[in-house]
Amino acid sequence: MRSILSGACVAVTVAITGCGGGGPAAQVITIDGSSTVFPVTEAMAEEFRNANPGARITVGISGTGGGFQKFCRDEIDISDASRPIGASEQEACAKAGVEYIELPVAYDGLAVVVHSKNTWASSMTIAELKRLWEPAAQGTITRWNQIRSGWPDREIRLFGAGVDSGTFDYFTEAIVGTATRSRGDYTSSEDDNVIVQGVSGDEYALGYFGYAYYEENRDRLTLVAIDDGDDANGRGPIAPSPQTVRDGTYHPLSRPIFIYAKVAALERPEVRDFVEFYLGEGVPLVREVGYVALTDAELALVRARFAARTTGTMYDGPSSQTTITLEQRLSR
Amino acid sequence: MRLRTRALAEFVIERALFLCAATSIFVTLGIVFVLVFETGAFLREVSVFEFLFGTEWTPLFYDKHFGVLPLVVGTLLASAIAMIVALPAGLLTAIYLSEYASSGVRRVVRPVLEVLAGIPTVVYGYFALQFVTPLLQGFVPGLAGFNALGPGIVMGIMILPLVSSLSEDALHSVPNGLREGAYALGATRMQTSLRVVVPAAFSGISAAAILAVSRAIGETMIVAIAAGQQPRLTFDPRVPVETMTAYIVQVSLGDTPAGTLEYRTIFAVGMLLFLSTFALNIVSNWLRNRFREEYA
């Protein structure tokens, strides 16, 4: 959940061929899609290039939808996605004859945090968070006791993602219901460290950002457990942890993120090597850039899925992303 | 022949120097033109009245409001705190250096003070955020991590040398005859300084103060780092605010698409900022010129 500060660069050429030496020149590996997945893919591309100096990889950030559009027009080799491929996108890919392998690569969780001296807000419901963050709250919901009676009659100071970050889209979609709809009277920053700084310095603050930043600052902040009111996803309020983010009980603020690899492109050794690197040697990078890694069991299943070239999506049908765990889904 | 070459060389040099001077004027004109152009486009969509007197500023969000007052108030609040620090301290320093200090002390203190002006503002910003604010939190109840107070005080420290050295220049150029006259009437050194020299240098001191205000209003890095990024209409120095400059930084760093109304807000805010500092600089210049005439 790193923010992309200089999002203006649409395509970052991660590696430019450095060696003029022999060997057949590898083609460029083209990747595009979600800005949320971008930090992982970019880190992978950088490390892969270090190991294979001849490799050339471009990683774009057109968003998950934009990435799938290009992917299903057969313009790119790999699509970064922060959600599973949708029905219309599946059709588009089928029509263009693009076959793909769906590969979960990490989990992404959002943490809602308060100051370490905050003793009252140990948990919140989705409805309370929505009432606090929806556009209608702007200028009207300004005190803690307006969220839940019994909480202090003190001004609540809000810190959250800037409008240009993937965190903002994700949080507003999961909490308010529509992506990008949020109140505007809070301290907004694309830099998660600003939010950490703000919340840790203010007893009456509340903020949200990528779970990884909480891990780095756990001594200065307190997590708010989230109650989604749906006992199917675990009963009562649940705080994020690598465990609850992975098993989906930390709902709705956790989700798996994916890459989609085009089968035809896998005939090129550099693409195959890159995906293998992504699922193998590169895995420690997932934690390094701030995401929750898959479990070893899940990773083994994902590798098996790739080795078997299992095409299509695991997310067919009406069942939502979180009713069964990723491991169960992978082993179906 | 030699003479003609020399005349030609003179001509070329003269023109080249003129071009150098003209460049800065053209750049300034270009900036003003872009500001006026983009602000015009902005004001076609948002009324001047709403812009100048609206009390909510949320141009990047779903429920858009374009009232610049929260940014203006944030700017004024931080600048006022800076002036409360810089003005008395700067003026007293100037009086000491000009009227009391021996030339040895003066030779040491003045350059040391001016070092303050050479510290990069980003360093001041982190100084405010990581040192001054936590220090103040020890005894200011309810002081948030981002606030106007800490960066305001640090900004005051930053502009202190500006106030002190300009005021000192003004005090120093008060003719000695005035001092001698005061002493002849039996005035003490203190009376001479405060009742004769300071009033005589008043317009120069005012010019310094106004220039300092202009500098505080335009200061960016300190407030962008330490004052927060929440446009809020408040005079409470303990909570996060956003200044005009900090807002421009925030939008410039993000990927707000060029040509949109959201993007144009930074030009409108920039225009307002430019007009205020421009006006202050003119007043300051005018005061300084008047003061020069008096004793020239």
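A:Gly33 sits opposite A:Asp80 of strand E4 in chain A, and that pair is a handy way into this predicted model. The two strands involved, E2 (residues 29-33) and E4 (residues 78-81), run parallel and are joined by three bridges. On another pairing, E2(A) meets strand E3 (residues 57-60), again parallel and again through three bridges. Here A:Thr30 has A:Thr58 as its bridge partner in E3(A). To get from E2(A) to E3(A), the chain passes through helix H1 (residues 38-51), and the resulting β-α-β crossover is right-handed.

Now look at how E2(A) is packed. Five of its five residues are buried, so to speak of a mostly covered strand is fair. In a regular strand, side chains alternate between the two faces of the sheet. In E2(A), A:Ile29, A:Ile31 and A:Gly33 point one way, while A:Thr30 and A:Asp32 point the other way, and all are buried.

Next, the nonpolar cores. Nonpolar side chains tend to be buried together in soluble globular proteins. The largest nonpolar core here has 97 residues, and the members that touch the most others are A:Val40, A:Leu103, A:Val105, A:Ala106, A:Ile259, A:Tyr260 and A:Ala261. Strand E5 of chain A (residues 100-115) gives this core its largest share, eleven residues. Where does the core lie relative to domain 1 and domain 2 of chain A? Both domain 1 (11-108 + 256-330) and domain 2 (109-247) contribute residues, so the core lies between them. Take A:Val40 as a sample member: leaving out residues up to four places away in sequence, A:Val40 touches A:Val105, A:Ala106, A:Leu285, A:Val286, A:Val289 and A:Tyr291. Apart from this core there is another one, of 74 residues, which includes B:Phe51, B:Leu160, B:Ala246 and B:Leu287.

Back to the two domains of chain A. Taken over C-alpha atoms, the centres of domain 1 and domain 2 of chain A are 30 Å apart. Their contact draws 13 residues from domain 1 and 13 residues from domain 2. On the domain 1 side, the residues that touch domain 2 come out as three nonpolar, nine polar and one charged.

Chain B is built another way: twelve helices and zero strands. Its C-alpha atoms fill a box of roughly 75 × 70 × 35 Å along the principal axes, and 43% of its 296 residues count as buried. Among contacts in chain B between residues at least 6 apart in sequence, 71% link residues at least 24 apart. The chain is divided into domain 1 (2-45) and domain 2 (69-295), with 31 Å between their centres, again over C-alpha atoms. Six residues of domain 1 of chain B are in contact with eight residues of domain 2 of chain B. That domain 1 side splits into three nonpolar, one polar and two charged residues.

Finally, how do the chains meet? At this interface, 26 residues of chain A are in contact with 18 residues of chain B. On the chain A side, strand E8 (187-189) and helix H7 (192-200) each supply at least two residues. What is the make-up of the side of chain A that touches chain B? Its residues divide into five nonpolar, 14 polar and seven charged.

Terms used
Residues numbered from 1 in each chain as written. Chains lettered and ligands numbered in written order. Predicted model: local features only at pLDDT ≥ 70, side-chain atom pairs only at ≥ 80, totals over all residues. Contact = placed C-beta atoms within 7 Å. Helix = DSSP H or I, 4+ residues; strand = E, 2+ residues; numbered from the N terminus. Nonpolar A, V, L, I, M, F, W, Y, C, P; charged D, E, K, R; others polar. Domains from an automatic or database assignment. Core = buried A, V, L, I, M, F, W, Y, C linked by C-beta atoms within 7 Å. Buried ≥ 20, exposed ≤ 12 C-beta atoms within 10 Å, placed from the backbone. Pairing = 2+ DSSP bridges. Right-handed = clockwise from strand over helix to strand, strands pointing away.
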